[in-house]
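Here are some notes to keep beside you as you look through this structure for the first time. They start with the helices at the end of the chain, then turn to a few residues, and finish with the whole.

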Amino acid sequence: MKKMRLLSLALTLVLCLTACGGPGSGSAAASNTPANEGEPTFTMDPAGYPVLPEKKTFSILAATSIPEGPGAWETPNEIPYFINMEEHTNIHFEWETITHTNFAERFSTLLAADDLPDVVLKAYGLSDSELVTQGTNGMFVNIEPYLEEYAPDFYAYCVENDLLKYLRMGGGIWSFPYIFDSESIQMSKIYFNADWLEAVGKEMPVTLDEYLDVFRAFRDNDANGNGDPTDEIPLGLCDSENFINIFAGAYGLMNRGTSNTYIDADPSDSSGNTLRFWRGDDTMKDLLKMYKQYWDEGLISHNLYDADYYILFDNLHHEDKHGAHAAWVTVSGQGMIDKFIAPDAPPIGPAGQTWAYISGKVAQKPGLIITKECGDPAAMVAWANYNYTQQGAYDYFLGIEGESYIIDEEGHTRLTDLIENNPDGMTVDQAILRYSLYPLGHNPSLATDETFKGGETYWTSLEGTERFHAYKPETVWEAVPLSVEQAQVISSCKGDLQAVIAEYEGKFVTGVLDIDKGWEEYQEKLDAAGRQEYLKAYQEAYDAMG
C-alpha cells in the first residue's frame, strides 16, 4: 500500500488576529490580504491545534447522514473527533445537521434570507458556479490570504501538488476542499467475477472482442450456478453513464479524466491546449453502437433507465447476478467481498488501451466554507488545517485507534469488527457515523489509502490500480477553475446539455432512434442547448490558467 504522506506540523509560533471582520468581500479579497488586525485570539500548540484562551461557539450547518440505532448521536458534538477538537481548541459548534437530499433547498433558503451560519461543512452538491458566485458576492470568506500562515500543512500540500491554481476562482479560494491523496480513490476500475470466469472456462479478457465473448458466456451458461440460466446480468452498470465511462478510453474519449464534465483535449491539436466537447464527437457514435449491441444482446440490464434502478442494481449485486461491474459495491454483501478482481489491464479498443475513468485530486471543492458571519475566520482556517495533517486525517476519517480502527504491524490501518462486523447489525456507514461524518464525501481532509477505508482502498482496488496505472491518461486534469461569468455560462447550459444527452443516448441505446439517422438531429439539439457557449467558457477558463 501507498505510505501515508507525512505533513508538516511545525506550528509552534504564536498566531494572531482579531475576532471580527474577514476578507470575504470588497477590497480584502481583491488585495489578497486579511482585513483584520489587532490582538491575538489563539495560539498554536506543537500538535497543530489552534488554542483559543476560552471557549467560543461557532454555528455550523452540515450535510450528513443521520445515524440510527444504538449509540446514535443527537449532534456531532458527541463524535470523538469533535470532542477531541473542542478539548484541544476551545472551539465549540452549535449544529444544524441536514440530510444531503435536503441540503440544497435549506442552503438556498439561508442564502436568500441572509441568515448563514458561521461555517458550512460538507456542502453537498454545491457547484463551483455557486461557490465562486457567492464568494465574490461577499457571502463566503476568501481563505487564501490566511493559508500560508494559518494553514501551513494544507498550503504546503497544495503548493507541492500545484493545486492552488485549481482552487482559486474569481480571485479567491472560497473553501477547503476534499482531496483524494490516492490514485486508488481517484481511479475507478472494472472488476470481473472470478467465480463466474472459472465456471464458464474463460480467462480475463483484454480486447473488446474478448470482453464481448466473456459476457456472452456469462449470459448463456448459468454462470452463477443457481440453476436459472436466465438471471445473469453479464455487465452490471450502476447507472447509464457507467458504460460510457468504462469504455471511453478505448475510443480515445474523456482523454483528460472525469473532472470536467463532457470536456477533454481535442486530439487534432498536438499541444493538448484546445478543448473538445467529447460527448458530441463523431467517435461517440461507435461507442454508442457498442453500447446498443450490449443492450440488444441482453448483456446489460434493461431496467437501466428506470428511476429507481440504483436500488435494483445493489440488490442484484448482492444476489450474485453480476458478472462484472465498475462500482464500489464490492465491499458489501456476504461472500461478495473478494469475488471481483480487476483484470491485468484495461480493454484494448480502436484508440488503444487508455483507462480514462479517473478524476483529479480535488474531489469536491466545498468541504468547509467559512461565511461572512464568522467572527474569527483565521481560527477556523487553523482549525480546518489540522484535518490535512497525518493525525488529523486519521482522527477525521477513522475515529479512535484501538476502538474503531487499528494500525497493524506493517503500519497499515484497518477498521475493527465494531465497524466492519457491527454486533448490532449496522452497516459500515452507519457504524462509522458514531466516529466520523465522512460518508457521502465533501470532507475537508485528505483521503488516503490509510485513512479512507471504503471500496476504493480495498485490496482488490489497490491491486487494480497497480495494474491500470500505466494506462491512465498522460495528463489528468483537475476541474478547471472558473470566473463568475464563465461559471454562469456553464451553469446555465449544463442542465440543458445533460437533458439532451440523456434523452438521445437513451433513444440510441434502446433502439428508439437509429444512431446514424439521428446523429445530425442530435448535434443540432446539442448546439441549441448551448454546446458552443459551454465549450467556449471552458476554453477561456483553461486559457486563463496560463
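1. A good place to begin is the last helix, H21. The buried residues of H21 are covered by, among others, strand E8 (263–265), E9, H19 and H20. Please keep in mind throughout that this is a predicted model.

2. Which residues of H21 are buried? They are Arg 531, Tyr 534, Leu 535, Ala 537, Tyr 538, Gln 539, Ala 541 and Tyr 542. In an α-helix there are 3.6 residues to a turn, so residues three or four places apart point the same way. You may like to look at the list again with that in mind.

3. The dimensions of H21 hold no surprise: its 14 residues reach 20 Å from the first C-alpha to the last, close to the 20 Å expected at 1.5 Å a residue. Just after H21, Gly 546 has a positive phi of about 80 degrees.

4. Next comes H20, which covers residues 515–528. This helix also has 14 residues, and from first C-alpha to last it reaches 19 Å, close to the expected 20 Å. Where does H20 bend? The bend is at Glu 521 and comes to about 25 degrees.

5. Both ends of H20 are worth a look. At its start, a side-chain oxygen of Asp 514 comes to within 3.1 Å of the backbone nitrogen of Asp 516. Just after the helix, Gly 530 takes a positive phi of about 105 degrees.

6. As for the packing of H20, its buried residues are Ile 515, Gly 518, Trp 519, Tyr 522, Gln 523 and Leu 526. These residues pack against strand E9 (275–277) and three helices: H12 (283–296), H19 (484–510) and H21 (531–544). Strand E9 and helix H19 thus appear again, as they are also part of what covers the buried residues of H21.

7. Now turn to a pair of histidines. His 317 lies in helix H13 (residues 309–318), while His 322 sits in the loop between H13 and strand E10 (324–325). Are they buried or exposed? His 317 has 0% relative accessibility, so it counts as buried; His 322, at 1%, counts as buried too.

8. The side chains of His 322 and His 317 make a polar contact at 3.5 Å. Beyond its neighbours up to four places away in sequence, His 322 touches Asn 193, Trp 196, Ile 233, Pro 234 and Gly 236, along with Phe 313, Leu 316, His 317 and Phe 340. His 317 can also be placed relative to Cys 238: the two are 79 residues apart along the chain, and their C-alpha atoms are separated by 9.9 Å.

9. Lys 365, in strand E12 (residues 362–370), deserves a check as well. Its relative accessibility is 5%, under the 20% cut-off, and therefore this lysine counts as buried. Its contacts beyond four places in sequence include Asp 128, Tyr 166, Met 169, Phe 176 and Ala 479.

10. Finally, step back to the whole chain, which has 21 helices and 15 strands. Its radius of gyration is 24 Å, which agrees with the value near 24 Å for a compact globule of 546 residues. The C-alpha trace spans about 75 × 55 × 40 Å along its principal axes.

11. Of the 546 residues, 55% count as buried. Among contacts with a separation of 6 or more, 76% come from residues 24 or more positions apart. The accessible surface comes to about 21900 Å², with 47% of it belonging to carbon and sulfur atoms.

Methods:
Residues numbered from 1 in each chain as written. Predicted model: local features only at pLDDT ≥ 70, side-chain atom pairs only at ≥ 80, totals over all residues. Heavy atoms only, no water. Helix = DSSP H or I, 4+ residues; strand = E, 2+ residues; numbered from the N terminus. Expected span 1.5 Å × (residues − 1). Bend = angle between axes of the 7 residues up to and from the residue. Buried < 20%, exposed > 50% of the residue type's maximum accessible area, 1.4 Å probe, protein only. Contact = heavy atoms within 4.5 Å. Polar contact = N/O pair within 3.5 Å; in protein donor to acceptor, adjacent residues only side chain to side chain. Rg over C-alpha atoms; globule rule 2.2 N^0.38 Å. Areas by Shrake-Rupley, 256 points an atom, 1.4 Å probe, with all protein chains shown as cover.
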